[in-house]
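Opening the notebook on a new model today. I want the overall layout and then a few residues worth a look.

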Amino acid sequence: SSGINAEYGQREVINLQKEVISLKDEMQQAQANSVSSTVKQELKSYATVLSQNCSAAIGTKRLQAAMKRASAPATKEDRSMNLMVFGLSEAKEEDDAATLRRVKKTFSQLGEDPTVKVCKRIGEKTPETGLSISLESRDALLSLLKKAKQLRSSEHYSKVYLSPDRTLAEREECRHLYKTLRELRRDNPDRKYWIREGSIKCD
């Protein structure tokens, strides 16, 4: 009887051990499932955030590129065949055709008859503002500039000056330079003044 009871007790212990092991396996599996689910959720959330951040980054980069293009300086205008004419007075009612004829007559004083593509007054109709002239040939431009000093000895065109076309800032500086030149000639008629290499020279 005691032997039977001992054997029965051992089987109960073994069964209990099996139940404990089984329960432990179930708990481990449940825990693993929970961890897996949490990891998947976290990964999904991370992927969503990453995607949003990437989209925002791409959007920011596109915006920065657009701003860079918008703020980039414009392509520099080709002025290689342009020149400025200063000191050529013009009546307020004078039209563009009349102004062009006066410009052509000025060029004829130098023995030149270039093809003029564009002739326009820069600013108000005053001798100081000057005329912007666009020629068809670079050679014609250089020839005019080379002979421009001959106008100083002309009876009717001694106050007319030719110079290369310049930017707005350069043009303003040139305007003041020629204004100073005229004042020097007016106040000192016995001396000769001229412009060379961006400065006023005298004899």
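Below are my notes, going from the whole chain down to single residues.

Entry 1, the chain. I'm working with a predicted model here. I counted up the secondary structure of the protein chain and got 4 helices and 6 strands. Reading along the sequence, I wrote the order down as α-β-α-β-β-α-β-α-β-β. I also checked burial: of the 203 residues in the protein chain, 22% are buried.

Entry 2, the hairpin. I went to strand S5, residues 193–196, and strand S6, residues 199–202. S5 and S6 pair in the antiparallel sense, and I find 4 bridges between them. The hairpin has 2 residues between the strands, and Glu-197 takes a positive phi near 55° there.

Entry 3, Lys-201. This residue sits in S6, and I looked up its bridge partner, which is Trp-194. Is Lys-201 buried or exposed? Neither label fits: its relative accessibility is 32%, so I put it down as partly exposed, given that the partly exposed class runs between 20% and 50%. Lys-201 also belongs to a positive surface patch, together with Lys-146, Lys-149, Arg-152, Lys-192 and Arg-196.

Entry 4, Leu-162. I moved to strand S4, residues 161–164, where Leu-162 lies. With a relative accessible area of 9%, Leu-162 is buried, because the cut-off for that is under 20%. Which separation did I get between the C-alpha atoms of Leu-162 and Phe-86? They are 6.4 Å apart, although the two positions lie 76 residues apart in chain numbering terms, counted as residues apart along the chain.

Note on methods. Residues are numbered from 1 along each chain as its sequence is written. This is a predicted model: local features need pLDDT of at least 70, side-chain atom pairs count only at pLDDT 80 or more; totals for chains, interfaces and linings use all residues. Side-chain values use heavy atoms; hydrogens and water are left out. Patches are made of residues with over 30% relative accessible area and no salt bridge: like charges are joined within 9 Å, nonpolar side chains (Val, Leu, Ile, Met, Phe, Trp, Tyr) within 5 Å. Accessible areas come from the Shrake-Rupley method with a 1.4 Å probe; for residues, only the protein chains shown count as cover. A salt bridge is a side-chain nitrogen of Lys or Arg within 4 Å of a carboxyl oxygen of Asp or Glu. Lys and Arg count as positive and Asp and Glu as negative; His and the chain ends are not counted. The place of a charge is taken as NZ of Lys, CZ of Arg, CG of Asp or CD of Glu. Buried means under 20% relative accessible area, exposed over 50%, partly exposed in between (1.4 Å probe, protein chains only). Two strands pair if DSSP finds at least two bridges between them.
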